[in-house]
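Please open the structure in a viewer and keep the sequence at hand. The tour below proposes a series of selections and describes what is found at each.

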Amino acid sequence: MTFVLRENHTFKRRIDVKVPTDTGFKAESFTATFAAIDSDEAKELYEAADDNKDRVLLGRVFIGCEGIKDEDGNDVADTASLREMLAKIPYVALPLITEFWKGLSGQKTKN
């Protein structure tokens with residue numbers, strides 16, 4: 001298959017989240033859309049950030065989400081403030097970062 005070079009390339013990944021509960025964890029998921037940035041830009045983002053390097057990266061590459069509901073079961077609209085809030089939740093941010101890098105590299109991570 002021929003490689004097609006795309007500008008502003010994006011990709012989607014299922015994000016599996018382990019939500020802490022009183023008795024352990026509850027498995028939930030949503031879909032995230034990421035911007036496929038190049039390695040130079042990723043390096044610049046990491047080097048420019050003094051703290052929260054992953055959050056800075058997510059601020060650039062986490063460009064959309066779907067499949068999130070509120071406590072009443074209503075769909076939650078995708079907004080920049082929602083994505084920023086999700087990037088601040090440790091049990092959400094880690095799978096976001098992991099799936100972003102896996103999506104770029106095509107490699108599986110070890111458990």
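A residue is called exposed when its relative accessible area is over 50%, and buried when that area is under 20%. The model on display is predicted.

**First stop: helix α3**

Select residues 80-88, which form helix α3. Which residues of α3 are buried? They are Leu82, Arg83, Leu86 and Ala87. Turn the view until it looks down the axis of α3: the buried residues fall within an arc of 135 degrees, so they line one face of the helix. A general rule of helix geometry applies here: an α-helix has 3.6 residues a turn, so residues three or four places apart point the same way. Now colour Ala80 and Ser81, which are exposed on the other side of α3. To see what covers the buried residues of α3, display β2, α2 (53-61), β3 and α4, which are among the covering elements.

**Second stop: Phe11 and its surroundings**

Move next to Phe11, which lies in strand β1. From Ala87, one of the buried residues of α3, Phe11 is 76 residues away in sequence and 18 Å away in space, C-alpha to C-alpha. Is Phe11 buried or exposed? With a relative accessibility of 10%, under the 20% limit, Phe11 counts as buried. Show its contacts beyond the neighbours within four places in sequence: these are Ala32, Thr33, Phe34, Ala35, Ala36, Glu99, Phe100, Gly103 and Leu104.

**Third stop: the aromatic rings**

Display the aromatic side chains. How many aromatic pairs does a search of the whole structure find? The search finds five. Begin with Phe11 and Phe34, a tilted pair with 5.5 Å from centre to centre and 35 degrees between the planes. This pair joins distant parts of the chain, since Phe11 belongs to strand β1 and Phe34 to strand β2, 23 residues apart. Phe34 counts as buried, at 0% relative accessibility.

Continue from Phe34 to Phe62. Their rings form another tilted pair, 6.2 Å centre to centre with 40 degrees between the planes. Here too distant parts of the chain are linked: Phe34 is in strand β2, whereas Phe62 is in strand β3 (residues 62-66), 28 residues apart. Phe62 is buried, with a relative accessible area of 4%. Finally, add Phe100 and Trp101 to the selection, as ring pairs link these two with Phe11, Phe34 and Phe62 into a cluster.

**Fourth stop: Thr33**

Step along strand β2 to Thr33. Thr33 counts as buried, at 13% relative accessibility. Leaving aside neighbours within four places in sequence, Thr33 is in contact with Thr10, Phe11, Lys12, Val61, Phe62, Ile63 and Gly64. Two members of the aromatic cluster, Phe11 and Phe62, thus appear among the contacts of Thr33.

**Last stop: the second largest pocket**

Select Val17, Val19, Glu28, Ser29, Phe30, Gly67, Ile68, Lys69, Leu86, Ile89, Tyr91 and Val92, which line the second largest pocket. The elements that give two or more residues to this lining are β1 (10-21), β2 (24-35) and α4 (90-105). Which element gives the most? It is β2, with three residues. Colouring the lining by residue type shows eight nonpolar, two polar and two charged residues. The second largest pocket has a volume of about 250 Å³. Leu86 links this stop to the start of the tour: it lines the pocket and is one of the buried residues of α3.

Conventions: Residues numbered from 1 in each chain as written. Predicted model: local features only at pLDDT ≥ 70, side-chain atom pairs only at ≥ 80, totals over all residues. Heavy atoms only, no water. 1 Å grid on protein atoms, 1.4 Å probe; cavity = no way out; pocket = protein on both sides within 12 Å on 5 of 7 lines; lining within 4 Å. Points joined across faces, edges and corners; volume = space filled by probe spheres on them. Helix = DSSP H or I, 4+ residues; strand = E, 2+ residues; numbered from the N terminus. Nonpolar A, V, L, I, M, F, W, Y, C, P; charged D, E, K, R; others polar. Phe/Tyr/Trp six-rings, centres within 6.5 Å; stacked < 30°, edge-to-face > 60°. Buried < 20%, exposed > 50% of the residue type's maximum accessible area, 1.4 Å probe, protein only. Contact = heavy atoms within 4.5 Å. Arc of directions from axis to C-beta.
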